[in-house]
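Here is a friendly walk through one model, with an eye on side-chain contacts and backbone geometry. Have the viewer open as you read.

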Amino acid sequence: MKKLLSSVILGASVLALAACGGEDEKLVVGASNTPHAVILEKVKPILEEQGIELEIESYTDYVLPNQDLDNGDLDANYFQHIPYFEAQKADFGYDFANAGGIHIEPIGVYSKKYSSLEELPEGATILLSNSVADHGRMLSLLEAQGLIKLAEGIDKTKAETKDIVENPKNFVFDADTAAELLVQMYENEEGDAVLINSNFAIDNGINPLEDSIAIESSESPYVNIIAVKSGDEDSKEIKALVEALRSKEVQDFIVEEWGGSVVPVSGE
């Protein structure tokens, strides 16, 4: 009887282990609606073939995805560029790691009133995001277009309006609007020009290449990344996610879907 009971217990244990081994690993990733969540949908079947179930949590702001990663509700997030990521770590003490760069979303200047930067009048109001981490990027774009000049020797990814040393047309910079509300400001014709992140533009049916009056170079250092808790960047599931996002299939999809308003990268 003891031998029979032992055999039954052993058999049940083997079946339980086999069942566990057959289950998919689950990966929960937070992402902005567009283009991040759309891109992740293309990755789902690639990961499924490797026994990894991808669950996508969509966000419409820039604050909650890092909070939820920090508190363990997410395994990773995909919405932010490197300077913002570094600023968030410094400001909130997040113990995060960059698991890999995926794409760039060139930021654009938009206006309902003027068809070119040259038409912007003396004293024009320029609307910026209230995210200071975006200011260096936005101001660098305006400098590259010859509208302003930033102080020599500063880290331009961290530039703020106080770092403007030349402003020939005396533009007024208004940085009081949340990034996700800048599209509404543009549609309402508030300000003379608005700088909008491409994910918010695309999400609202705006084509950055066709509708902007100026757009950031594709050589931008503002690469959107997969962020994880430190140590998780070397996990099998995260490595598989990054590899799938950088695959030719997914990179080709990005190019075909957004035609240059989202630009894939192949490295960190």
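Let us start with a lysine. Lys-113 has a relative accessible area of 41%, so Lys-113 is partly exposed. Please keep in mind throughout that this is a predicted model.

**Salt bridges**

The side chain of Lys-113 meets that of Asp-192 in a salt bridge, with 3.9 Å from N to O. This pair links distant parts of the chain, 79 residues apart: Lys-113 sits in the loop between β5 (108–110) and β6 (125–129), while Asp-192 sits in the loop between α6 (182–187) and β10 (193–196). Is Asp-192 buried or exposed? Its relative accessibility is 14%, and the limit for buried is under 20%, so Asp-192 counts as buried. The bridge therefore joins a partly exposed lysine to a buried aspartate.

The structure holds 11 salt bridges, including the three in this table.

| Salt bridge | Closest N and O atoms | Accessibility of the acidic residue | Accessibility of the lysine |
|---|---|---|---|
| Lys-113 and Asp-192 | 3.9 Å | Asp-192, 14% | Lys-113, 41% |
| Glu-86 and Lys-89 | 3.6 Å | Glu-86, 40% | Lys-89, 22% |
| Asp-163 and Lys-162 | 3.8 Å | Asp-163, 14% | Lys-162, 64% |

How are Glu-86 and Lys-89 separated in helix α4? The two are 3 residues apart in that helix (residues 82–92), so about one helical turn lies between them. Glu-86 is partly exposed at 40%, and Lys-89 is also in the partly exposed class at 22%.

The bridge of Asp-163 with Lys-162 brings together two classes of accessibility. Asp-163 counts as buried because its relative accessibility is 14%, whereas Lys-162 is exposed at 64%.

**A patch of negative charge**

Some acidic side chains gather on the surface. Glu-48, Glu-49, Glu-53 and Glu-249 form a patch of negative charge there. One of them, Glu-53, belongs to strand β2 (residues 52–59). With a relative accessibility of 40%, Glu-53 counts as partly exposed.

**Aromatic pairs**

Turning to the rings, the model contains 8 aromatic pairs. For Phe-79 and Tyr-84, the ring centres are 6.1 Å apart and the planes stand at 75 degrees, so this pair is edge-to-face; the cut-off for that class is over 60 degrees. Both Phe-79 and Tyr-84 are buried. They also belong to a cluster: ring pairs link Tyr-62, Phe-79, Tyr-84 and Phe-200.

**The loop between β8 and β9**

Which residues are worth selecting here? Phe-171 is found in the loop between β8 (164–166) and β9 (172–177). Phe-171 is buried, because its relative accessibility is 5%. Along the sequence, Phe-171 and Ile-126 are 45 residues apart, yet their C-alpha atoms are 6.8 Å apart in space.

Asn-170 is placed in the loop between β8 and β9 too. Its relative accessibility is 45%, so Asn-170 counts as partly exposed. The backbone of Asn-170 deserves a look: phi is near 55 degrees, a positive value in a residue other than glycine.

**More backbone geometry**

As background, most residues other than glycine have a negative phi, and most peptide bonds are trans. Against that background, Glu-189 has a positive phi of about 60 degrees, although Glu-189 is not a glycine. Glu-189 lies in the loop between α6 and β10, and at 44% relative accessibility Glu-189 counts as partly exposed.

Where is the cis peptide bond that involves Pro-35? It joins Thr-34 and Pro-35, with omega about 0 degrees. Pro-35 itself lies in helix α2 (residues 33–48).

**A buried serine in β6**

One more stop is Ser-129, which is placed in strand β6. Ser-129 counts as buried because its relative accessibility is 0%. Ser-129 and Glu-180 are 51 residues apart in sequence, and their C-alpha atoms lie 8.4 Å apart in space.

Terms used
Residues are numbered from 1 along each chain as its sequence is written. This is a predicted model: local features need pLDDT of at least 70, side-chain atom pairs count only at pLDDT 80 or more; totals for chains, interfaces and linings use all residues. Side-chain values use heavy atoms; hydrogens and water are left out. Patches are made of residues with over 30% relative accessible area and no salt bridge: like charges are joined within 9 Å, nonpolar side chains (Val, Leu, Ile, Met, Phe, Trp, Tyr) within 5 Å. Accessible areas come from the Shrake-Rupley method with a 1.4 Å probe; for residues, only the protein chains shown count as cover. A salt bridge is a side-chain nitrogen of Lys or Arg within 4 Å of a carboxyl oxygen of Asp or Glu. Lys and Arg count as positive and Asp and Glu as negative; His and the chain ends are not counted. The place of a charge is taken as NZ of Lys, CZ of Arg, CG of Asp or CD of Glu. Helices (H or I, at least four residues) and strands (E, at least two) are DSSP runs, numbered from the N terminus. Buried means under 20% relative accessible area, exposed over 50%, partly exposed in between (1.4 Å probe, protein chains only). Rings of Phe, Tyr and Trp (its six-membered ring) pair if their centres lie within 6.5 Å; planes under 30 degrees apart count as stacked, over 60 as edge-to-face and the rest as tilted.
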